Amino acid sequence: TDTDTNLGVIAQEVKAVCPELVGTMDIGTKEQPDVKLAIYETDFKYAMLKAIQELKAEVDSLKQQLGAK
C-alpha cells in the first residue's frame, strides 16, 4: 500500500563489505524469535560520507592529470 519511493540498502550486501556496520535485532517474541539483520545507520552514514570524500579526491586527481596532458 506504500506508494512513496523508498531508498535503502540490503544488510547482507553491507555485511559482506563492512560487517562492523551490521548487527542483529530480535523483533519476535520469546516463544517465536525473529532475528533480523540491522544496519547501524549513523555509522553507515559516516562511512558513506568518507567514501564520497575519497572518490572526490580521486576524481579531482584524475582531472588534474588529464588537464596536465
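Two residues are said to be in contact when heavy atoms of theirs lie within 4.5 Å. With this term in hand, the structure shown above can be read step by step, and Ala38 offers a suitable start. Ala38 belongs to strand β2. Setting aside residues up to four places away in sequence, Ala38 touches Leu21, Val22, Gly23, Thr24 and Met25. Its C-alpha atom is 17 Å from that of Met48, although these two residues are ten positions apart along the chain.

Before going further, the reader should know that the model is predicted. The mean pLDDT of the protein is 92, and 96% of the residues reach a score of at least 70. Among the elements, helix α1, which covers residues 11-17, has the highest mean pLDDT, 96. The lowest mean, 94, belongs to helix α2, which covers residues 41-68. As a general caution, predicted coordinates should not be read in detail where pLDDT is low.

The overall plan comes next. The protein contains two helices and two strands, and along the sequence these elements follow the pattern α-β-β-α. What radius of gyration does the protein have, and what would a compact globule of 69 residues have? The protein has 19 Å, whereas the compact globule would have a value near 11 Å. The box filled by the C-alpha atoms, taken along the principal axes, is roughly 70 × 30 × 20 Å.

The surface and the contacts add to this picture. Of the 69 residues, 13% count as buried. The accessible surface amounts to about 6400 Å², and carbon and sulfur atoms supply 56% of that area. Among contacts with a separation of 6 or more, 20% join residues that are 24 or more positions apart. The protein also carries 8 positive and 12 negative charges, and the mean positions of the two groups are 8 Å apart.

Strand β2 deserves a second visit. Val35 is located in this strand, which spans residues 35-39. Is Val35 buried or exposed? Val35 counts as exposed because its relative accessible area is 53%, and the cut-off for that class is over 50%. Apart from its neighbours within four places in sequence, Val35 is in contact with Thr24, Met25 and Asp26. One of these partners, Thr24, is eleven residues away along the chain, yet the two C-alpha atoms are separated by 6.4 Å. Thr24 and Met25 also appear among the residues that Ala38 touches.

The segment before α1 holds Val9. With a relative accessible area of 46%, Val9 is partly exposed. Residues up to four places away in sequence again being left out, Val9 touches Val14, Ile39 and Phe44. Leu62, 53 residues from Val9 along the chain, has its C-alpha atom 29 Å from that of Val9.

The last stop is Gln65, in helix α2. How is Gln65 classed, and why? Gln65 is partly exposed because its relative accessible area is 44%, and this class lies between the limits of 20% and 50%. The C-alpha atoms of Gln65 and Met25 are separated by 47 Å, and the two residues are 40 positions apart along the chain. Met25, by contrast, is in contact with Val35.

Notes
Residues numbered from 1 in each chain as written. Predicted model: local features only at pLDDT ≥ 70, side-chain atom pairs only at ≥ 80, totals over all residues. Heavy atoms only, no water. pLDDT = per-residue confidence, 0-100. Helix = DSSP H or I, 4+ residues; strand = E, 2+ residues; numbered from the N terminus. Rg over C-alpha atoms; globule rule 2.2 N^0.38 Å. Buried < 20%, exposed > 50% of the residue type's maximum accessible area, 1.4 Å probe, protein only. Areas by Shrake-Rupley, 256 points an atom, 1.4 Å probe, with all protein chains shown as cover. Lys, Arg positive; Asp, Glu negative; His and termini not counted. Charge placed at Lys NZ, Arg CZ, Asp CG, Glu CD.
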